[in-house]
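Here's a set of exercises to work through with the model open in your viewer. Try each task before you read its solution.

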Amino acid sequence: DQLYNIYWELIISLIFSLTFLPRFPLPLFPPFSPPIQGNKGGVTVRLSVYGHLICFLNCHLPAHIENTSQRLDSFERILELQQFTGSRAETILNHDLVFWFGDLNFRIADHGLHFIRETISKKCYHLLWDKDQLNRAKKTEPMLNGFLEGELQFTPTYKFNLASTEYNMSGKKRKPAWTDRILWRLKECSEAGGSEPPTSDPKKTISVILNTYNSQMQYGISDHKPVVGTFSLEV
């Protein structure tokens, strides 16, 4: 178990480095054409676990509350442009299991700054869920069909003062939001009833259990607080 934990940590560290290292010459699939270096886009790593193909997709999507459509367009473009070799899973969504995570930059719409801060202070996070732009998009966007996420029972992860647990209240007055997320998608659940076998090997099944999902408030090197999810996979 310890060896596997180290292995997964190395994979996630690699994905993080590939996405945010500014001068790394990557053949990425950013949501821009022609390809350019920048801090928005996505990167994937995939592997086979006992015959199941698992894809890790890390994204940094466009910022600002008014750019929901740009975020969705960028994600759709990433899904379209990333192609894998081999016939078992040529696209991201063809994998048996996809983990999608990163600074997805979705915000809390409609509610005002005072209401959001008051709700956070009382830890009544559920009052904000229906205005979360990603939660809304999951109900209407076909490409998000099947993506699951744990309940947002932690403090919104953006925007904080550096080396602090206090929200940034500078002149821009950005509303706190759950910009940093971890989701997953099982192909067999998303394509239930279809003619295609649900996994790479139809004799095998895979299931995912979310054990914990929370933010790490002790880190202060960014205006975001990192999010950690721990999962158990049954294969």
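**Exercise A: accessibility**

Task: decide whether Y125 counts as buried or exposed.

Solution. Start with the cut-offs: buried is under 20% relative accessible area, exposed is over 50%, and partly exposed is in between (1.4 Å probe, protein chains only). Y125 comes out at 5% relative accessibility, so Y125 counts as buried. Now do the same for W178, which has a relative accessible area of 0% and is therefore buried too.

Before going on, keep in mind that this is a predicted model: local features need pLDDT of at least 70 and side-chain atom pairs count only at pLDDT 80 or more, while totals for chains, interfaces and linings use all residues. Residues are numbered from 1 along each chain as its sequence is written, and side-chain values use heavy atoms, with hydrogens and water left out.

**Exercise B: the whole chain**

Task: work out how many helices and strands the protein has, and in what pattern they follow each other.

Solution. Take helices (H or I, at least four residues) and strands (E, at least two) as DSSP runs, numbered from the N terminus. That gives 6 helices and 7 strands. Walking along the sequence, you get α-β-β-α-β-α-α-α-β-β-α-β-β. Next, burial: 44% of the 235 residues count as buried. Last, look at contacts (heavy atoms within 4.5 Å). Among those between residues at least 6 apart in sequence, 64% join residues at least 24 apart.

**Exercise C: helix α3**

Task: find which residues of α3 are buried, and where they sit around the helix.

Solution. Helix α3 spans residues 113-121, and its buried residues are L113, I116, T119 and I120. Looking down the axis, these fall within an arc of 135°, so they line one face of α3. (The arc is that of the directions from the helix axis to the C-beta atoms.) Flip to the face turned away from the buried side and you'll meet the exposed residues H114 and S121. What covers the buried residues of α3? The cover includes α4 (126-129). Finally, step just past the end of α3: K123 there takes a positive phi of about 60°.

**Exercise D: salt bridges**

Task: trace which acidic residues pair with R181, and where each one lies.

Solution. The rule asks for a side-chain nitrogen of Lys or Arg within 4 Å of a carboxyl oxygen of Asp or Glu. By that rule the count comes to 5 salt bridges. One of the partners of R181 is D132, with the closest N and O atoms 3.0 Å apart. This pair links distant parts of the chain, as R181 is in strand β5 (residues 180-186) and D132 in the loop between α4 and α5 (133-140), 49 residues apart. Both R181 and D132 are buried.

R181 also forms a salt bridge with E149, where the closest N and O atoms are 2.7 Å apart. E149 lies in the loop between β4 (147-148) and β5, and R181 is in strand β5, so the pair ties together parts that are 32 residues apart in sequence. At 15% relative accessibility E149 counts as buried, and R181 has a relative accessible area of 1%. Elsewhere, salt bridges that share partners join D110, K131 and R136 into one network.

For contrast, try K122 and E118, whose side chains meet at 3.7 Å, N to O. K122 is exposed at 55% relative accessible area, and E118 is partly exposed at 35%.

**Exercise E: aromatic pairs**

Task: classify the F56–F99 pair and the Y125–W178 pair by their geometry.

Solution. Rings of Phe, Tyr and Trp (its six-membered ring) pair if their centres lie within 6.5 Å; planes under 30 degrees apart are stacked, over 60 edge-to-face, and the rest tilted. The structure holds 9 such pairs. For F56 and F99, the centres are 5.4 Å apart with 15° between the planes, which is stacked. F56 lies in strand β2 (residues 52-60) and F99 in strand β3 (residues 97-103), so the pair ties together parts 43 residues apart in sequence. Both F56 and F99 are buried.

Y125 and W178 have ring centres 6.3 Å apart and planes at 80°, so this pair is edge-to-face. Y125 lies in the loop between α3 and α4 and W178 in the loop between β4 and β5, so the pair ties together parts 53 residues apart in sequence. To finish, ring pairs link F56, F99, W184 and F231 into a cluster.
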